[in-house]
Amino acid sequence: MKTKEHLLDGVPELLVLQLLSRTEMYGYQIVSEIVRRSQGALEFGEGCIYPLLHRLVGQRLLVERQEEVSGRTRRYYRLSTTGKKRLAALEGIWTQVSQTVSACGLEVRHA
Amino acid sequence: MREDFHVMQLRKALRRRGVWGRRAESLLRDWTEHVREDIARRVEEGTESGVAEKAAWLALGAPDVLALHATHELSKGSWLGRHPWLAGVALPILGWMGLSGVLLFFCAWFLGVGAESPVQSVNPAVVEWWPRIFNGLPWGLSIVWLAWVARRMPGGWRLLGMTTGVLALCSTALHMSIQAPVSGPGSGQLMVGVQGPGGLLLAVLARLLGGSGFGAWSDSVSGPFAWAQSAVLLIGGILVRLGPTVWAWSVEGTRCAGEESGG
């Protein structure tokens with residue numbers, strides 16, 4: 001659904017920035033964490049997170065470092081100062097949108 | 001063996017979307033590492049390695065979907081990708097016009113064509129070579145521009161195609177000729193014309209593109225762009241009717257040969 005795609009367009013970025021604001025993580029760890037926390041509600045193809053990570057690194061929102069672990073190369077990502085500012089801005093937008101949606105009478109219904 | 005196959009499929013999908021080189025290899029490396037991590041975890045959990053490998057590649061995502069996400073993200077991350085029309089069409093035209101204008105102005109001033117020259121005696125070799133440089137330089141700059149676009153490639157093949165077309169047409173359409181100022185400053189003639197095969201091709205292509213080409217290039221083209229298409233169609237039609245020498249501008253010197261010898 002196109003509308004759903006547009007609605008969720010900025011969500012992966014917000015999730016990744018939020019996750020990395022607490023601690024540094026490597027790609028597989030980020031994907032696993034999103035799947036675990038969302039309990040499968042957010043269906044991102046696992047590989048889709050990497051182009052996003054590359055973009056965020058390119059925009060200097062994330063800083064990366066490499067580490068060899070059991071013969072595998074892990075790229076650890078953490079938030080940069082610019083990334084922290086971006087996260088604060090995105091959280092502000094998110095809060096504003098959710099408040100507006102609630103004000104319009106749309107409530108989150110729990111099963 | 002299986003990993004090579006999957007990597008090849010992913011590389012092909014990325015290439016189809018215009019992502020290649022360092023960017024593609026970097027993504028492929030991350031995807032491969034991700035799959036290896038996933039296989040290791042599944043095997044630790046007791047899954048047979050062959051099954052784990054198959055499941056890990058499946059969980060990674062379909063090559064076409066991953067390539068689509070890659071181009072989407074790369075486009076969002078670069079100015080060129082966010083504004084492909086501006087970067088692919090408007091900037092090359094503006095750049096080319098600006099460069100041509102500066103070169104023409106400098107040429108007219110330096111050679112004393114239609115204006116007082118800072119030099120009293122112009123080397124004939126300069127007069128001979130200047131039009132060649134002017135007619136050839138845009139090509140060189142086009143190649144540099146295209147190399148830069150190709151290296152970045154955030155807009156994919158579409159952007160590269162657009163830029164190539166625009167630059168090829170622009171740089172071949174404009175030609176300059178100089179009649180040397182033999183009787184001193186202000187006695188020559190400088191002519192710039194949109195002519196020759198490039199000019200004609202530009203006109204024909206404008207005619208064709210006005211019909212449907214622009215619409216096919218971008219999914220987002222609709223509504224307001226229909227007017228632009230019509231304008232291109234109209235201009236293209238007029239240019240075709242005007243013949244090979246579509247437009248010319250000339251600056252003639254104010255002095256003639258007799259004037260120089262008499263003075």
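## Where confidence runs low

Let's start with residues 229-251 of chain B, where pLDDT stays under 50. For this stretch, the predicted model still shows 44 contacts beyond four places in sequence. A second stretch of chain B, residues 253-263, also stays under 50 in pLDDT, and there the model has 15 contacts beyond four places in sequence. How should you treat such places? Where pLDDT is low, the predicted coordinates should not be read in detail.

Now for chain B as a whole. Its mean pLDDT is 66, and 35% of its residues reach 70 or more. Where is confidence lowest, and where is it highest, in chain B? The low end is helix α11 (residues 257-262), with a mean of 39, and the high end is helix α3 (residues 49-60), at 92. For the complex, the predictor gives an ipTM of 0.84 and a pTM of 0.59.

## How chain B is built

Chain B contains eleven helices and three strands. If you walk along the chain from the N terminus, you meet the elements in the order α-α-α-α-α-α-α-α-β-β-α-α-β-α.

Chain B has 263 residues, and 39% of them count as buried. Its exposed surface comes to about 14,300 Å², with carbon and sulfur atoms supplying 66% of that area. Take the contacts in this chain between residues at least 6 apart in sequence: 68% of them join residues at least 24 apart.

## A core with members from chains A and B

Which residues touch the most other members of the largest nonpolar core? They are A:Val16, A:Ile30, A:Ile49, B:Leu14 and B:Trp31, in a core of 43 residues. The element that gives the most to this core is helix α2 (residues 22-44) of chain B, with six residues.

B:Trp31 is a nice residue to click on. Not counting residues up to four places away in sequence, B:Trp31 touches A:Gly47, A:Tyr50 and A:Pro51 in chain A, together with B:Leu10, B:Leu14, B:Leu60 and B:Leu66 in chain B.

## An arginine in helix α2

Helix α2 of chain B also holds B:Arg42. Is B:Arg42 buried or exposed? Its relative accessible area is 19%, so B:Arg42 counts as buried, the cut-off being under 20%. Leaving aside neighbours within four places in sequence, the contacts of B:Arg42 are B:Thr47, B:Ala52, B:Ala55, B:Ala56 and B:Ala59.

## A nonpolar patch on the surface

Nonpolar residues can be found on the outside here too: B:Trp129, B:Ile133, B:Leu137 and B:Leu141 form a patch on the surface. Together these four have about 350 Å² of accessible area.

B:Trp129 belongs to helix α7 (residues 124-152) of chain B. Because its relative accessibility is 46%, B:Trp129 counts as partly exposed, a class that lies between 20% and 50%.

## Two positive phi angles in chain A

Finally, look at two loop residues in chain A. A:Arg60 sits in the loop between α4 (49-58) and β2 (62-69). Although A:Arg60 is not a glycine, its phi is positive, at about 60°. With 64% relative accessibility, this arginine counts as exposed.

A:Ser70 is in the loop between β2 and β3 (72-79). A:Ser70 is not a glycine either, yet it has a positive phi of about 50°. Its relative accessible area is 66%, so A:Ser70 is exposed.

Note on methods:
Residues numbered from 1 in each chain as written. Chains lettered and ligands numbered in written order. Predicted model: local features only at pLDDT ≥ 70, side-chain atom pairs only at ≥ 80, totals over all residues. Heavy atoms only, no water. Helix = DSSP H or I, 4+ residues; strand = E, 2+ residues; numbered from the N terminus. Buried < 20%, exposed > 50% of the residue type's maximum accessible area, 1.4 Å probe, protein only. Contact = heavy atoms within 4.5 Å. Areas by Shrake-Rupley, 256 points an atom, 1.4 Å probe, with all protein chains shown as cover. Core = buried A, V, L, I, M, F, W, Y, C linked by side-chain atoms within 4.5 Å. pLDDT = per-residue confidence, 0-100. Patch = residues over 30% accessible without salt bridge, like charges linked within 9 Å, V, L, I, M, F, W, Y side chains within 5 Å. Salt bridge = Lys/Arg side-chain N within 4 Å of Asp/Glu carboxyl O.
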